[in-house]
Amino acid sequence: MSQQKKKKGGKKPGPDYKWIVLIFLCTMLISAVMSFVSTNLLEGSGMLVSFIILICIILIGIVFDIIGVAVTAADEAPFHSMASRKIPEAVDALRLIRNAERVSSFCNDVIGDICGVISGSASAVIAARVLLLRPGYREAVLNLLMSALVAGLTVGGKAFGKTIAMQSSIQVVRLAARALHFFRTFPKKLHGKK
């Protein structure tokens with residue numbers, strides 16, 4: 001009996017180096033693209049548009065955090081029922097739930113952390129712009145206020161989002177699966193129209 005237990009739980013799986021390398025490369029690529037886009041958008045925009053861009057970056061982080069939490073909290077059973085009724089996004093939803101650890105890592109860690117870094121950079125750009133327009137303001141105080149605002153919105157938004165993710169995990173996963181299904185099948189639909 002004890003030997004059977006040892007066989008079942010004998011070797012602990014080691015680190016998945018392929019996943020680690022893939023997530024590292026994805027993080028670098030996504031971070032570079034998001035930084036490039038946000039920097040270019042911020043450079044040619046006014047104060048109001050800059051704040052809207054900052055809020056959008058924070059919202060992206062919150063939305064992905066909600067998806068990451070919902071995937072770990074959701075149960076497969078409703079999606080098996082949907083799959084038997086041939087609902088298109090059910091297969092994608094089951095795939096998300098069965099890979100919850102990786103999906104959560106990507107959504108919460110990769111996208112969440114990137115959005116955190118970029119929103120910090122964006123807030124510094126906005127603070128610098130305010131100082132150019134209003135030279136009388138104290139730089140340290142302004143930077144502190146911007147950092148506090150970004151941190152408050154991010155943490156408060158994620159706390160609120162986690163409640164939604166836990167209480168409505170099936171709906172959140174279904175919406176994420178629907179979006180995933182759309183992007184996965186879009187090239188086929190586009191090719192079919194031609």
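Modeller: Quick bit of vocabulary: a crossing is left-handed if the near helix is turned anticlockwise from the far one by less than a right angle, and right-handed if clockwise. This is a predicted model, where local features need pLDDT of at least 70, side-chain atom pairs count only at pLDDT 80 or more, and totals for chains, interfaces and linings use all residues. Residues are numbered from 1 along each chain as its sequence is written, and side-chain values use heavy atoms, with hydrogens and water left out.

Biologist: Which hand does the crossing of H2 and H6 have?

Modeller: Right-handed.

Biologist: And why is H2 called roughly parallel to H6?

Modeller: The axes of H2 (residues 17-43) and H6 (residues 100-133) come within 10 Å and cross at roughly 30 degrees. Angles under 35 degrees count as roughly parallel, so H2 is roughly parallel to H6. Contact means heavy atoms within 4.5 Å; the residues making it include Trp19 and Ile30 of H2, and Phe106 and Ile114 of H6.

Biologist: What makes H5 mostly covered?

Modeller: Buried means under 20% relative accessible area (1.4 Å probe, protein chains only). In H5 (residues 89-98), 7 of the 10 residues are buried, among them Leu94 and Ile97.

Biologist: Where is confidence lowest, and where highest?

Modeller: On pLDDT, the predictor's confidence in each residue from 0 to 100, helix H1 (residues 2-9) is lowest with a mean of 47, and helix H3 (residues 47-73) highest at 93. Over residues 1-8 pLDDT stays under 50. Where pLDDT is low, the predicted coordinates should not be read in detail. The chain averages 85, with 90% of the residues scoring at least 70.

How values were computed: Axes fitted to C-alpha atoms, helices over the stretch in contact; angles between N-to-C directions. Helix = DSSP H or I, 4+ residues; strand = E, 2+ residues; numbered from the N terminus. Parallel < 35°, antiparallel > 145°, perpendicular 65-115°, else oblique. Buried < 20%, exposed > 50% of the residue type's maximum accessible area, 1.4 Å probe, protein only.
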